[in-house]
Each structure stands twice: as C-alpha cells, then as structure tokens.
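Trainee: Before we discuss this model, could we put it on the screen and go through it by question and answer?

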Amino acid sequence: MPIWKINGETFQVVQRGAGDPLLLVHGFPLNQSMWNAQIDHFAETHQVIAPDLRGFGGSVVTPGTVTMEQYADDLASLLDVLEVRQPVVFCGLSMGGYVAWQFWRKHRDRLSALILCDTRAVADTDEVRQGRLEMAQRVVREGAEFVADGMLPKLVGPGAVNSQAEVVEAIRQMILTTDPETIAAAQRGMAQRPDVTGTLGKIAVSTLVLVGQHDTISPPDEMRQIAAAIPDSRFVEILDTGHMAPMENAPAVNAAMAEFLSELKT
Ligand code: MLT
C-alpha cells in the first residue's frame with residue numbers, strides 16, 4: 001500500500017480512481033480498511049483517498065495525545081502532498097466525524113461537502129471522559145484485547161455477532177492490530193474534543209447525515225438533531241445496522257452516498 005511522507009512522517013494511504021475527490025476517514029480504533037466496500041464502489045466514479053490516520057494501520061505512531069485538530073491538519077497536509085487542489089467530499093465515521101468538524105473549522109476552503117456517518121457533535125460527559133483516560137492507561141499496560149472485547153458488542157447491531165461473523169472478525173482484527181499507544185493517544189484526544197453543537201448552523205456545504213438504525217454510540221435521534229441544525233443537509237437511517245453501518249450494510253450505505261454525490265453535481 002502506498003506510503004507518503006508528510007513533514008518527514010510516514011502515512012499509509014489508499015488512493016484509487018479518478019474524478020472528484022472523496023476522502024474517507026475511519027473511526028476509532030480502526031483503519032482505512034473499514035471502507036473497503038466504499039473504496040471499491042466509489043473508485044469507479046471518484047478519486048477515492050482513504051488514509052490511515054496518525055498511528056493507525058500503517059501510519060506513524062505518535063504517543064501521548066493526538067487531538068482531532070492534529071488529525072485534521074494531517075489530512076490537509078496529505079492533500080497537499082497528493083496535490084489534490086480541488087475541494088474534497090469529506091466522509092468521516094464516528095471519530096472520523098469528530099475530525100470532520102475540525103477540518104471544517106480550519107480547512108473549509110478545501111471542503112466541497114460532508115458525509116457524517118454515525119458520529120456526534122457533543123463533547124464527552126465527565127464519566128465518558130474518565131473512561132477514556134482509564135482505557136488509555138490500561139491499553140498501554142495490557143494491549144488491545146480488552147478494548148476489542150469491550151467495544152465490539154457496541155459497534156455492531158444486535159444479531160450481527162451471529163449473522164455478520166466476517167464483519168465482526170474484520171473489526172476485531174483492526175482493533176487488535178492497532179498500536180496501544182495509538183489507542184491511548186486517540187482516547188486522550190477525543191476526551192479533549194470540544195462540543196461543536198453551536199457551530200452546526202454555520203456549516204455552509206451540502207451534508208449527508210447517515211446513521212445505523214441500532215447505533216447506540218451515536219443514536220439516530222441525536223444524529224437527526226445534527227441534520228436539523230445543518231442548513232443544507234439530509235438524513236438517512238440505514239435499517240438493521242449499528243455503529244458500523246458502512247461495513248454492516250455496504251450496499252445501502254453506498255446507495256445513499258451515491259445519491260447524495262450525484263445530487264452535488266446538479
Ligand atoms: C468510533 O467509532 O470512532 C468511536 O466509537 C468514537 C468514540 O469513541 O467516541
């Protein structure tokens with residue numbers, strides 16, 4: 001897989017297809033391969049760019065804390081290195097959505113539209129923040145297995161453990177192969193992320209808000225409110241899926257994204 005140097009640091013990026021750029025930004029603690037079905041589908045019509053964020057997959061590990069702003073700045077630098085001058089459609093899932101808010105805040109001239117999958121606009125409660133900091137400490141000591149065991153049931157919809165064994169196993173492998181320092185750094189970064197609810201009304205690009213019907217991490221009602229606050233937005237609920245809707249029902253997610261992308265052209 002192609003490796004790129006950004007400011008002397010190594011990033012792994014999948015780049016396929018030609019046409020308008022579509023940037024696919026993965027969730028936590030995953031990597032670009034969560035988008036395999038979208039990469040295959042949209043490489044037919046778009047220039048698809050699917051990076052491993054800092055520390056994830058094959059990209060440079062940065063211990064300590066990595067903020068959502070840092071990930072967003074990395075992506076802007078990546079677009080420079082790839083010489084992508086045209087504004088991109090930024091599609092982010094969950095933590096990828098937290099990064100999208102920061103990309104919009106700092107690099108909005110590089111943004112043509114947003115696709116927000118299974119993500120949140122609010123900051124953490126004190127309890128959630130505390131849980132993140134505890135996981136950050138523990139994962140460096142013990143490795144990622146307890147993270148996979150704890151997170152997997154929340155990432156997929158009910159029944160997926162039996163009916164979608166391949167998807168569940170792929171997610172498990174992504175978590176187990178993520179560097180513990182990266183899991184810790186991202187958790188500390190997410191714990192610091194700001195509440196962006198008050199800025200949603202200022203987002204001036206077309207936005208697709210997409211959520212799995214049974215997502216308990218970023219529930220449909222909460223995402224419906226995000227869509228209601230963004231002026232030019234539409235909301236799509238993907239039936240019978242959880243937080244990982246793009247993996248659990250790729251055909252439905254691809255169809256919703258394709259419809260949105262085709263409307264951008266009209
Ligand atoms: C994700 O899927 O990226 C995470 O669930 C986000 C989070 O921990 O808030």
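Mentor: Let us fix one term first: a residue is near a molecule if one of its heavy atoms lies within 4 Å of it. Please keep in mind that this is a predicted model.

Trainee: Which residues surround the ligand?

Mentor: Taking the cut-off of 4 Å for a residue that is near a molecule, we can list the surroundings of the ligand. They are Gly27, Phe28, Ser94, Met95, Tyr98, Arg132, Met190, Ile217 and His243.

Trainee: How far is an oxygen atom of the ligand from an N or O atom in the side chain of Tyr98?

Mentor: A polar contact is a pair of N or O atoms within 3.5 Å, and three residues around the ligand can be read against that limit. A backbone N or O atom of Met95 lies 2.9 Å from a ligand oxygen, and a side-chain N or O atom of His243 is 2.8 Å from an oxygen atom of the ligand. For the side chain of Tyr98, the distance is 2.6 Å.

Trainee: What share of the ligand's area does the protein bury?

Mentor: Taken alone, the ligand exposes 270 Å². Of that area, the protein buries 94%.

Trainee: How many disulfides does the structure hold?

Mentor: A disulfide is a covalent bond between the sulfur atoms of two cysteines, and the cut-off applied here is 2.5 Å between the sulfurs. Cys91 has the sulfur of Cys117 as its nearest cysteine sulfur, 4.0 Å away, and because that distance is too far for a bond, Cys117 remains unpaired with Cys91. The number of disulfides in the structure is 0.

Trainee: Is Cys91 buried or exposed?

Mentor: Buried means under 20% relative accessible area. Cys117 has 0% relative accessibility and therefore counts as buried. Cys91 also has 0% relative accessibility, so Cys91 counts as buried.

Trainee: Where is Ala121 found, and is Ala121 buried or exposed?

Mentor: Ala121 is in the loop between strand E6 (111-117) and helix H4 (126-142). Because its relative accessibility is 5%, Ala121 counts as buried.

Trainee: What separation do the C-alpha atoms of Ala121 and Leu200 have?

Mentor: Leaving out residues up to four places away in sequence, Ala121 touches Trp101, Pro194, Asp195, Val196, Thr197, Leu200 and Ile226. Trp101, with neighbours within four places set aside, is in contact with residues including Ala121, Val196, Leu200 and Ile226. Although Ala121 and Leu200 are 79 residues apart along the chain, their C-alpha atoms are separated by 8.4 Å.

Definitions and conventions: Residues numbered from 1 in each chain as written. Predicted model: local features only at pLDDT ≥ 70, side-chain atom pairs only at ≥ 80, totals over all residues. Heavy atoms only, no water. Helix = DSSP H or I, 4+ residues; strand = E, 2+ residues; numbered from the N terminus. Buried < 20%, exposed > 50% of the residue type's maximum accessible area, 1.4 Å probe, protein only. Contact = heavy atoms within 4.5 Å. Polar contact = N/O pair within 3.5 Å; in protein donor to acceptor, adjacent residues only side chain to side chain. Areas by Shrake-Rupley, 256 points an atom, 1.4 Å probe, with all protein chains shown as cover.
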